[in-house]
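Colleague: I should like to learn how to read the features of a model of this kind. May we take them one at a time?

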Amino acid sequence: LECYVLPGAVCKCTMMATMLTRSTAGLLTRSRPRLATLGPRSQASTAPVQHTDEDILQRAQKENKQTRIDLATSYRAMEYYNLHMGVCNHLTALCPAANGEGTVMLLVPHGTHWSQVTASCLLGLNEKGEVMEGVGKPEQSAAEIHLAVYDAREDIRSVMHTHAPYLTALGALKDCTLRMIHQDSMRFFDNVAYDTEYDGFATTGEEGPRIASKLGDKIALLLGNHGVVTVGPTVAVAFDHMYYMERVAMYQMLAMQTGGELQEIKPEVASRWSLMQEGQPFILPYAETHLGGFKKLYATKCPEVLQ
């Protein structure tokens, strides 16, 4: 399956370039796998210095490929879970550029349906907003929202934004608090930020930084009248957060429809369980297994996803 861009899709490259160069100290320029001269590996080694540089390049290419596989799998899995919205919304990840020079932000070409995403079709943008890898154009608001979050959070490598049905419905309520009514809700205890000041589409150069500020140090941001953002140190963790946050929002909305009073978990219990996740050691293996299940599925039934 090939990626495509819908006819008539427009990308305001000049505006995006401005947004993507807001901070030369930003994360897109922080983690460059520089092809540096590292010197011989030992006193006895007679290997040319370029061999060491080649090894660095190979590692960059390997990480680039693996991140592409993880992100493409996430797009497909989100579509499977019905967490997509037409050809809108966007999932991104940071990784070394395939040429070993700098860091790129991977994302889907605008107009590509999530059921058609493959690892090789993903775009890689540099810090100037230029497409360095892949063919197509990025969606404008994706660049603004995601870059701003990466600039604000050095601890994350993946940002996911969707209009997941139940979370979006919850965000349409005056009180959109995610309640601790299920054991999976406790993952998000004191770890969700709320933005109840909807300010229009993220195309002005100001909405991205505002969203990043609202997110703060949390793992998720519920956007009133809009959708949701989840972040993680890996693609798998950001993906897992999105899935489970939508699930517990579904439980909450269904329970609220009964008209009965919600039975909430005691704060001391939710807090104790949440503290077990400090540094994400508890969630990480489950998140990797969750995403890994889809990779195994696609490796058998749709191998082009991973290529």
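Colleague: Which side chain of opposite charge is nearest to Glu246, and how far away is it?

Modeller: Let me say at the outset that this is a predicted model. For a charged side chain, one first looks for a partner of opposite charge; a salt bridge requires the nitrogen and the carboxyl oxygen to be within 4 Å. Here the nearest such side chain is that of Arg247, 7.9 Å away, and Glu246 has no salt bridge although it is buried.

Colleague: What, then, lies around Glu246?

Modeller: One turns next to polar atoms and to contacts. A polar atom of the Glu246 side chain lies 2.9 Å from the backbone nitrogen of Tyr166. Leaving aside residues up to four places away in sequence, Glu246 touches Leu83, Ala164, Pro165, Tyr166 and Leu167.

Colleague: Where does Glu246 lie, and how many residues of that helix are buried?

Modeller: Glu246 belongs to helix 7. In this helix, 16 of the 22 residues are buried, so the rest of the structure largely encloses it. Its length can be checked as well: at 1.5 Å a residue, helix 7 (residues 235-256) should span 32 Å, and its end C-alpha atoms are indeed 32 Å apart.

Colleague: How do the corresponding values read for helix 4?

Modeller: The reading proceeds in like manner. Helix 4 (residues 140-152) has 13 residues and an expected span of 18 Å; the end C-alpha atoms are 19 Å apart, which agrees. Since 11 of its 13 residues are buried, helix 4 is largely enclosed by the rest of the structure. Among the buried residues are Glu144, His146 and Tyr150.

Colleague: Which strands pair with strand 7, and in what sense?

Modeller: For a strand, one asks about its neighbours and their direction. Strand 6 (residues 192-195) pairs with strand 7 in the parallel sense over 4 bridges, with Val192 partnered by Ala220. Strand 8 (residues 227-232) runs antiparallel to strand 7 and is joined to it by 4 bridges; Leu221 stands opposite Val229. Strands 7 and 8 form a hairpin with 3 residues between them, and Asn225 in the turn has a positive phi of about 60 degrees.

Colleague: Which way do the residues of strand 7 point, and are they buried or exposed?

Modeller: Ala220 and Leu222 point one way, Leu221 and Leu223 the other, and all are buried.

Colleague: What can be said of the whole chain?

Modeller: The protein chain has 9 helices and 8 strands, and 50% of its 307 residues count as buried. Of the contacts between residues at least 6 apart in sequence, 73% join residues at least 24 apart.

Note on methods:
Residues numbered from 1 in each chain as written. Predicted model: local features only at pLDDT ≥ 70, side-chain atom pairs only at ≥ 80, totals over all residues. Heavy atoms only, no water. Helix = DSSP H or I, 4+ residues; strand = E, 2+ residues; numbered from the N terminus. Expected span 1.5 Å × (residues − 1). Buried < 20%, exposed > 50% of the residue type's maximum accessible area, 1.4 Å probe, protein only. Lys, Arg positive; Asp, Glu negative; His and termini not counted. Polar contact = N/O pair within 3.5 Å; in protein donor to acceptor, adjacent residues only side chain to side chain. Contact = heavy atoms within 4.5 Å. Pairing = 2+ DSSP bridges.
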